[in-house]
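Hi,

Here is the structure I promised to pass on. Have a look at it first, and my notes on what turned up follow right below.

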Amino acid sequence: MSTVSRDETVSDPEAFAGRRWLMPSAVIHEFDPSAVRPRRTARDWIVDFSCFLLAVLVGIIGAEAAGDNPHLSHSAATLDQLLGALACAAVWLRRRWPLGLAVATIPLGLLSDSAGGACTIALFTLAVHRPFKYVAWVGGINIALVPVAFRMRPDADLPYVVSVVFSVLVIASIIGWGLLVRSKRQLMFSLRDRARRAETEARLRAEQAQRLAREAIAREMHDVLAHRLTLLSVHAGALEFRPDAPQEEVARAAGVIRESAHEALQDLREIIGVLRAGEQDEGGRPQPTLVALDTLVAESREAGMKVVLDSRVTDPAAVPASVGRTAYRIAQEGLTNARKHAPGTEVTVTVSGGPGGGLVVSVCNPAPEGEVPHVPGSGQGLIGLTERATLAGGRLEHGAEADGAFRVQAWLPWP
């Protein structure tokens, strides 16, 4: 059973607004355990008063029968009536102490015919409000004492065997009725708990889906910002190492730095806004797909990279949006890695495939010349790309080839 914190517990009494008086106080207390001792509802007062009247009616009948019984003396009949009145008054305690009342009525039922109604009501209350083990003990003792009671005070109208059998059947029926009421309440409680668990599990699934979406956004942020910041680094490095460059090249590099910084800030602002809101902004900029691959390659060429694009897809717009986005991010991360780890080399981006056969994206660059400084955090982008391709239903492979070239190749499903 799932654990629900107290703050997450549904305020069940509010669910009974307008009809609480129809519900037993024990049921309301089960749905609202914060109440130490639930008060009687209107239904409880009606039921308790009816039980009291029934106990009094049976007591009057029993008192008359005791007064007319030739086997009982006048003092015994008077004691019978007094014990019956005491048992009827004790019926009002049945909700607070059902077990204690049922145990107390055992000797009363043995000594008084007038207490028969109160004893029956106490046994019924015990069967409704307490587990079966208590009902079995108290009910068994009552049934065992029936023969003794009729031996002590024989019935004036019925034979001994008939009186014993009839009383045993009445006790068994009362116990069965009380157990039926208790089982119906337990079924209602179990259904309520099941609904509460279902609500809790649905909320947890929603929170998990939201968390996974936010992780996907974080990976998206890494891919986008890594590309933008790499462009910034390349152009800033060019300006640092070529201070005597022509004015046109300096202006062009400064323009690329300004545009890349603006794009990076805009991407970061949108992603942080999505993370704060907990949901994606449908009014934001459209995510790039395979159609935008030419623009990505052009940006990389403007940054000074040597990029060869070999696109064998006749209609990039026909590629499904989710597959196109994944292919674009793979090509983007491949170009970013080549710019970091193999500067100055020629990078080949190959895209091929068609409907039914899948889409293949490959980014390959030869080994760099000379030593390349180590870049902190290397390998995180490839881990994210592998997970992205797997989530899309495809696969991704990366590594060095025999001639020293490094290749990132992915296959994505294209229905």
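H10 and H11 run roughly parallel to each other: their packing angle is about 10°, and the axes are 10 Å apart. On the H10 side the residues involved are Leu293, Leu296 and Ser300, and they meet Tyr328, Ala331, Gln332, Leu335 and Arg339 of H11. Sorted by class, that contact comes to five nonpolar, two polar and one charged residues. Before you read too much into any of this, keep in mind that the model is predicted.

There's another helix pair worth a look, H5 (residues 98–111) with H7. These two pack at about 10° with axes 9 Å apart, so H5 is roughly parallel to H7 as well. From H5 you get Leu99, Ala102, Val103, Ile106, Leu110 and Leu111. Facing them in H7 are Tyr134, Val138, Ile141, Asn142, Leu145, Val148, Ala149 and Met152. And what classes do the residues of this contact divide into? They come out as 13 nonpolar, one polar and no charged.

Now the cores. The largest nonpolar core holds 29 residues, and Ile330 and Leu359 are the ones with the most contacts inside it. Six elements give it two or more residues: helices H10 (293–302), H11 (321–341) and H12 (380–391), plus strands S2 (346–354), S3 (358–365) and S5 (406–412). H11 supplies the largest share, seven residues. A second core, separate from that one, has 12 residues, with Ile106, Leu126, Ile171 and Ile175 among them. Ile106 is also one of the H5 residues that meet H7. As background, nonpolar side chains in soluble globular proteins tend to be buried together.

If you want one residue to click on in the larger core, try Ile330. Once you leave aside its neighbours within four places in sequence, Ile330 is in contact with Val361, Val363, Leu385, Leu396, Val408, Ala410 and Leu412.

A few single residues I also looked at:

- Phe150 is in helix H7 (residues 132–152). With a relative accessible area of 17%, Phe150 is buried, since the cut-off is under 20%. Not counting residues up to four places away in sequence, Phe150 touches Asp155, Tyr160, Ser163, Val164 and Ser167. For Tyr160, which sits 10 residues from Phe150 along the chain, the C-alpha separation is 6.8 Å.

- Arg153 falls in the loop between H7 and helix H8 (160–241). Buried or exposed, for this arginine at 9% relative accessibility? Arg153 counts as buried. Its C-alpha is 9.2 Å from that of Leu110, although the two are 43 residues apart in sequence. Leu110 is one of the H5 residues in the contact with H7.

- Val56 belongs to helix H3 (residues 42–68). At 27% relative accessibility, Val56 counts as partly exposed. Val56 and Val91 are 35 residues apart in sequence, with 9.9 Å between their C-alpha atoms.

- Ile383 lies in helix H12, and Ile383 is exposed, with a relative accessible area of 52%. From Ile383 to Leu396 it is 13 residues in sequence and 9.8 Å in space, C-alpha to C-alpha. Leu396 is also among the contacts of Ile330.

Last, the overall numbers. The protein chain has 12 helices and five strands. Of its 415 residues, 37% count as buried. The chain exposes about 23,900 Å², and carbon and sulfur atoms supply 60% of that area. How many of the contacts between residues at least 6 apart in sequence join residues at least 24 apart? For the protein chain, the figure is 69%.

Over to you, and shout if anything is unclear.

Cheers

Definitions and conventions
Residues are numbered from 1 along each chain as its sequence is written. This is a predicted model: local features need pLDDT of at least 70, side-chain atom pairs count only at pLDDT 80 or more; totals for chains, interfaces and linings use all residues. Side-chain values use heavy atoms; hydrogens and water are left out. A nonpolar core is a set of buried Ala, Val, Leu, Ile, Met, Phe, Trp, Tyr and Cys residues joined through side-chain atoms within 4.5 Å. Buried means under 20% relative accessible area, exposed over 50%, partly exposed in between (1.4 Å probe, protein chains only). Helices (H or I, at least four residues) and strands (E, at least two) are DSSP runs, numbered from the N terminus. Contact means heavy atoms within 4.5 Å. Axes are lines fitted to C-alpha atoms, for helices over the stretch in contact, and angles run from 0 to 180 degrees between N-to-C directions. Angles under 35 degrees count as roughly parallel, over 145 as roughly antiparallel, 65 to 115 as roughly perpendicular and the rest as oblique. Ala, Val, Leu, Ile, Met, Phe, Trp, Tyr, Cys and Pro count as nonpolar, Asp, Glu, Lys and Arg as charged, and the others, Gly among them, as polar. Accessible areas come from the Shrake-Rupley method with a 1.4 Å probe; for residues, only the protein chains shown count as cover.
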